[in-house]
Amino acid sequence: MKLKRIALAVMVSTVFVGNAIASEAKTDFYNSDNWQKAFPEQYKTWAETEQSNPVSGKPDDLLAANPNLIAAWAGYGFAKDYNRARGHHFALTDVIKTLRVGHPMMNKDGVMQGEAMSASCWSCKSPDVARMYDEVGEGKFSDNAWSTWGHEMSNTIGCADCHELGTQELRMSRPYADRAMKTIGKDFAKQDSVLQASQTCAQCHVEYYFDGTDSKKVKFPWDYWVPGVETDYKDFVGYKGTDGLYKGFASEAQLAYFDNRGFKDWTNAVSGAPMVKTQHPEFENMMDRTEHAMDNHLEFGCTTCHMTQTTNEQGKSFIDHKVTFEAEKLPADCQSCHEAGDFKEILDERKAEINQLRFAANGTDPRLTEVHFKAQAIWAANGVKGLESGKTIGEAQAAYQAALKQKTPLAGEMNSLLVKVRNAQWFWDSATASHGIHAHNPTEAVRLLTKSNGILDQAIAEADALLAKYAPDYKYDATKYDSKEKLQPLVGLSFEGMSQSKEVFLKERVEKEWPVKLK
Ligand code: HEC
Ligand code: HEC
Ligand code: HEC
Ligand code: HEC
């Protein structure tokens, strides 16, 4: 690995000094098109990820489908825009077009405005990130703003993300994923081919955050996680409760990791709760499969279902690189029990059970909205002003943060309430942001959502008691929060405004200055 890095650095520096012979001789393997000649079948099927696209041609808007997400993520980028995943071919386009990354443009005084994210947001969208780590270093890359590197990003997820340059050998192109695997005792170099294949996916399909202690590098919060082993983490955080909050699996281990560091991603702008966002922990939830219908199900790796073996016209076998789920492509030994046509029924059944825990009247999603707005009403009744009285997102967050630090009875009451909100939302997010969990580990989804609902029961009871004390006339009215159009303004966002600035950014900066071809 080390040797290859040095070789690459030499290559890059010769290109930089303008050595025409060197640049001609070297193939640019970050561009997947240059692998086509050697690996035509893999290339062709890789290109077919472009077919995984809704009929509208645009990604499905999940905030419109479920406005509760906007309240849950108020004050954080996800409340601006959140879409369902589509094929790998769109990854680079989608990270540039999403409202989450803002609309960074240089103003007349040479100051960048509208920058909303940091450089590591490119990490899961392009192999050019691996190239930049080699060229400028992981730390230096990460310590910049997102748009700093726009002129370097031209390739969507491709061969170089998962393979050694120009070969079929698998690799971890992201050093932070390599480090994380060592942390959980699953050193990439020492694993069998099934787990190595899953590890290439785990470079992106995992929970992560941007660590501030070692530059703003990507870090997976896995330090306490032993996959598949039930561990009690409460000693790490000095937790006194007996509700099993820290007993269990990846989700608990990750929360304990963040709690132990006093870490939050952001302050919820409606309630003031100190939040952590779970990002798509697909790998963790699969590794933690809690129940197995039968032994076969122990053999799952991501590629078993998403990249199956197939044959070309000459009967030569190869691996289908159209990474998606198509039941009729599953291996024959699955089809001995599951006819392709049965899958929809099993998956629909699993989804229905999950949706009941989420969307019923006493489910997670509507009650997260309820508890955030009830907390806002308690603050307001005590003269702590937020978005409801015209404050900006930043002002509301600062007001709540300050109020929580005071040594008042109210601060004690609100800390107790808002920590419950943090925990409930964390467990909910661990299940719901884990895409495909209804197939990967439905038992874990049910476990996490049941836990979240249990914590929400307590939180809402506490909020109601505080409302009775401070705002006896307050009535929660769910119809005020039941659409994206109603809710975004209430969390301080103007969809029109963001969209207009975005158009300007795409036209004036991306199309004129960046190499990417948007899809
Ligand atoms: C998201 C990760 C990923 C990407 C992107 C990817 N591959 Fe692969 N590739 C894999 C994995 C994982 C395997 C091994 C699958 C297994 O052993 O089950 C594999 C196997 C292969 C193999 C050998 C096995 C075979 O018979 O097919 C070749 C050749 C290959 N890939 C070429 C490519 C090329 C060319 C591209 C780009 C056009 C590409 N891969 C993109 C993950 C990826
Ligand atoms: C470099 C980061 C990265 C790697 C590596 C990666 N993914 Fe993805 N994956 C993404 C992103 C980002 C999206 C969403 C793209 C979008 O919506 O624009 C995605 C989307 C998907 C989807 C949804 C597409 C669909 O058709 O429904 C599946 C399934 C998926 N990935 C599986 C995998 C598997 C399996 C692997 C390993 C073989 C893998 N991914 C490796 C980043 C990655
Ligand atoms: C047992 C088969 C199986 C395995 C193993 C598996 N998946 Fe999936 N995956 C599915 C199915 C089925 C779906 C849901 C498809 C649907 O409902 O349309 C899915 C959905 C997804 C999605 C969401 C796609 C979307 O459209 O929202 C992602 C991302 C994903 N899987 C990634 C992974 C990763 C990463 C791994 C390995 C850690 C993995 N999967 C392992 C079967 C599997
Ligand atoms: C020996 C029979 C058998 C084989 C072989 C088998 N399955 Fe299953 N599978 C089951 C049964 C039974 C269920 C539970 C169905 C139910 O409860 O409706 C199940 C459930 C599932 C589910 C739903 C999620 C869950 O955990 O309940 C998925 C996804 C799945 N199987 C994928 C696969 C894949 C992929 C293979 C091949 C690697 C496979 N199965 C092989 C019998 C089998």
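The shell around ligand 2 divides into 12 nonpolar, nine polar and four charged residues, where nonpolar covers Ala, Val, Leu, Ile, Met, Phe, Trp, Tyr, Cys and Pro, charged covers Asp, Glu, Lys and Arg, and polar covers the others, Gly among them. Of these 25 residues, Ser52, Asp94, Cys201, Cys204 and Thr324 come nearest to ligand 2; a residue is taken as near when its C-beta atom, placed from the backbone, lies within 6 Å of the molecule. At least two shell residues apiece are supplied by helix 6 (91-97), helix 9 (159-162), helix 11 (193-201) and helix 15 (302-306). Helix 15 gives the largest share, three residues. Helices here are DSSP runs of H or I with at least four residues, strands are E runs of at least two, and both are numbered from the N terminus.

All of this comes from a predicted model, in which local features need pLDDT of at least 70, side-chain atom pairs count only at pLDDT 80 or more, and totals for chains, interfaces and linings use all residues. As for labels, residues are numbered from 1 along each chain as its sequence is written, while chains are lettered from A and ligands numbered from 1 in the order in which they are written.

Ligand 1 has 22 residues around it, and Cys159, Cys162, Gln168, Ala197 and Ile319 come nearest. By class, that shell holds 12 nonpolar, nine polar and one charged residues. Helix 3 (40-47), helix 9, helix 11 and strand 10 (317-319) each bring at least two of them. Helix 9 and helix 11 thus turn up in the shell of ligand 1 as well as in that of ligand 2.

On to the inside of the protein. The largest nonpolar core has 85 residues, and Ile70, Ala71, Ala459 and Val491 touch the most other members. Such a core is a set of buried Ala, Val, Leu, Ile, Met, Phe, Trp, Tyr and Cys residues joined through C-beta atoms within 7 Å. Helix 22 (residues 442-470) contributes its largest share, 10 residues. Apart from this core lies another, of 24 residues, including Trp35, Cys121, Trp146 and Val516.

Ala71 sits in helix 5 (residues 68-72). It counts as buried because it has 25 C-beta neighbours inside 10 Å; the cut-off for buried is 20 or more other C-beta atoms within 10 Å, for exposed 12 or fewer, with partly exposed in between, and C-beta atoms are placed from the backbone. Leaving out residues up to four places away in sequence, Ala71 touches Val270, Leu368, Thr369, His372, Phe373, Tyr481, Leu487 and Val491, a contact being two C-beta atoms, placed from the backbone, within 7 Å. Ala459, with neighbours within four places set aside, is in contact with Val371, Leu417, Lys420, Val421 and Ala424.

Ser215 is a bit of an oddity: its phi is positive, about 55 degrees, although it is not a glycine. Ser215 lies in the loop between strand 3 (209-210) and strand 4 (218-219), and is partly exposed, with 16 other C-beta atoms within 10 Å.

Zooming out, the protein chain has 24 helices and 10 strands, and buried residues make up 41% of its 519 residues. Its mean pLDDT, the predictor's confidence in each residue from 0 to 100, is 93, and 94% of residues reach 70 or more. Over residues 1-23, though, pLDDT stays under 50.
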